[in-house]
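Thanks for making the time this morning. I would like to walk you through a few local details of one model, and I will take them residue by residue before I come to a pair of helices.

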Amino acid sequence: MNYLTLENVSKTYGDKTLFHRLNLHISRGEKLALVARNGTGKTTLLRVLAGEEAPEGEGSKILLARGIKIGYLRQEPSFDLSHTALEAVLDVDNDLVRATRDYERALLRPEDGEALQKALERMDDLKAWDVEARVKEILSRLNVGHLDQRVSELSGGQLKRLALARILIEEPDFLILDEPTNHLDLDMIEWLEKYLQRATLTLFMVTHDRYFLERVCDHIVELDGHQLFRYRGSYSDFLEKKAAREANEAVVLEKDKKLFKRELEWMRRMPQARTTKAKSRIDTFYEIKERASKRRAEDKVQVNIKSTRLGSKILEAHHVHKSYGDLKIIDDFFYKFKKRERVGIVGPNGVGKTTFLKILTKAMRPDSGKVIVGDTVVFGYYTQSGLQLEEDKRVIDVIRDIAEYIPLEKGQKISASQMLERFLFEPKHQQVYASQLSGGERRRLHLLTILMANPNFLILDEPTNDLDIITLNVLEEFLMDFPGCLMIVSHDRYFMDKIVDHLFIFEGEGKIRDYNGNYTVYRELVKERELQERRQDRDLRKREEKAAAALHAKAPAPGMSHEQRKEFKRLEKTIEKLETQKQALIERFNDSSLTPQDIETMSIELGELNQTLEEKEMRWLELAELAE
């Protein structure tokens, strides 16, 4: 079934063409990712698909199948600031979800017994308990807590997770996601990967996470030169097919240039007879000229800025401690950095990674211990918040305020304008105001301002957010050759695997472990450890259940009849069996590959099991009273 069709869709802003006469078909169950460099119109195309912007161009059409509901995750989600997190995340046009919202709201106010009773009855009437279980799972997986907190008090990352949770709870037919992995930690990303892999789910998204692309998508759509190119397969398939396309285009371009040269010689002979055939050849000449004059866009960021010499003493942390009240961030951290270190910093959101970086750069004081920075160290600190730009300042002026000329390796130097060109800001684009830049372009500009200071110790806090894949590839190549030290905080697994040599792992309670290995190997070890812990917990529960069953096995009282004594013994065995079934079913809910249909079926089964268990236990208690 065809869900959505684009026909001859164009979009321009002023004299800038983002895309021209695009055609695209998206069918049920297809999972497409859009790849393009920043500023070429990725987010605009998503807005057009979602119906938030009108298409342009003669004969342009967007055809959506009847009854199809779209869910659109924006880069910057918007909410009613007066709402609580619960009201915002469950603000969905669905009776079952609304009943769940009222029930959760009543749980937050247990003193209002009447409201809670009414909510319980509503949940029972609609049989909404399976929806409630799914809502709680999604909120838990995306770490959406403090549901009574006002939206106005939430951070940007919390708002993005809130928006993602709302869309998944709503379960639209067609998901349009703009950078869904931003502000998610690794556990959330891995859960979302499995959630989006469901066969019935239809998806169109923009993401820079290449592992995510590889594992979720079955089609890659590239926006290049104002046109769309569609590739069947995963991200690795896309790279192979794109290389083949570009090689073929290069051959065609070379042929067009040779043909143009021959036709130009004929034109210069100024044919006298303007016959129909000659005029046709002249028209063809101008078509060939247009094709041959096209230059292949070499969209590559070039980075070869000179870095300051790094001395023998670099950065030392001596028994550093930091806490906020009872929350330990750093507990007795000791480390001496060596030349060309490549350190990745990993841990869940909110564990204190950014605080750690601020202490090492002396932007914040530790509670105890000391940090020693070598005399030759020049930090380059790329932050999550990005560059605070004056909206009425032009791009070229942002760079000129730092330096008119930038030193390169081997004593060379280039102008601010030339440096911007190397970062894919063409001369015309350098004259635009900061307010006109996309999120990715702002981050690319921020990165340039950091590198212009000639740092020898780079600290990158979530550098991959909003950067396009082209820029990321070149940034990775630069970092691999960077002669100084690197510290990187990132949830981009591909980026970390490629760059870092070892990890500082934030394990909680202020403990920071130095792990000698890459990101993927570390995650496999974590999964194996969690699996082992679940096995141990399961074995412990079984032993506890057996012990409890033995305690409950009282000898039947003389007051019981022979049939009652037999029933009493049967009930003990039945209750033990039902409790085992219940525990096994509850454990199955931890399987992140479950579909909503699986959860619904299991929730119904759990409800029936609980009811049966309750009936058996009540009868057992009745008989047990006879034994007293």
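**Two glutamates, two backbone oddities and a helix pair**

Let me begin with Glu193, which is buried, because its relative accessible area is 6%, and I should say at once that this is a predicted model. Glu193 sits in helix H7, which covers residues 186–196. What does the side chain of Glu193 pair with? It is joined to the side chain of Arg493 by a polar contact of 2.6 Å. If we leave out residues up to four places away in sequence, Glu193 touches Tyr211, Phe212, Arg215 and Val216 as well as Arg493.

The second glutamate, Glu214, belongs to helix H8, residues 210–216. With a relative accessible area of 31%, Glu214 is partly exposed. Its contacts, again not counting residues up to four places away in sequence, are with Ser234, Tyr235 and Ser236. Looking at the atoms involved, the side chain of Glu214 makes a polar contact of 3.2 Å with the side chain of Ser234, and a polar atom of the Glu214 side chain lies 3.4 Å from the backbone nitrogen of Tyr235. For a sense of the backbone here, the C-alpha atoms of Glu214 and Gly233 are 8.8 Å apart in space, while the two residues are 19 apart in sequence.

Now to the backbone angles. His319, in strand E10, residues 315–324, has a phi near 50°, a positive value in a residue other than glycine. His319 counts as partly exposed, at 44% relative accessibility. Lys362 is not a glycine either, and yet has a positive phi of about 65°. Lys362 is placed in the loop between helix H11 (353–360) and strand E13 (368–373), and with a relative accessible area of 55% it is exposed.

Finally, the helix pair. How do H3 and H4 pack? Helix H3, residues 95–107, and helix H4, residues 113–126, meet at an angle of about 155°, and their axes are 9 Å apart. The angle therefore makes H3 roughly antiparallel to H4. Their crossing is left-handed. On the H3 side, the contact is made by Asp95, Leu96, Ala99, Thr100, Asp102, Tyr103, Ala106 and Leu107, and on the H4 side by Ala115, Leu116, Ala119, Leu120, Arg122, Met123 and Leu126. Sorted by class, the contact of H3 with H4 has eleven nonpolar residues, one polar residue and three charged ones.

Note on methods. Residues are numbered from 1 along each chain as its sequence is written. This is a predicted model: local features need pLDDT of at least 70, side-chain atom pairs count only at pLDDT 80 or more; totals for chains, interfaces and linings use all residues. Side-chain values use heavy atoms; hydrogens and water are left out. Axes are lines fitted to C-alpha atoms, for helices over the stretch in contact, and angles run from 0 to 180 degrees between N-to-C directions. Helices (H or I, at least four residues) and strands (E, at least two) are DSSP runs, numbered from the N terminus. Angles under 35 degrees count as roughly parallel, over 145 as roughly antiparallel, 65 to 115 as roughly perpendicular and the rest as oblique. A crossing is left-handed if the near helix is turned anticlockwise from the far one by less than a right angle, and right-handed if clockwise. Contact means heavy atoms within 4.5 Å. Ala, Val, Leu, Ile, Met, Phe, Trp, Tyr, Cys and Pro count as nonpolar, Asp, Glu, Lys and Arg as charged, and the others, Gly among them, as polar. Buried means under 20% relative accessible area, exposed over 50%, partly exposed in between (1.4 Å probe, protein chains only). A polar contact is a pair of N or O atoms within 3.5 Å; within protein, one must be able to donate a hydrogen and the other to accept it, and residues adjacent in sequence count only if both atoms are side-chain atoms.
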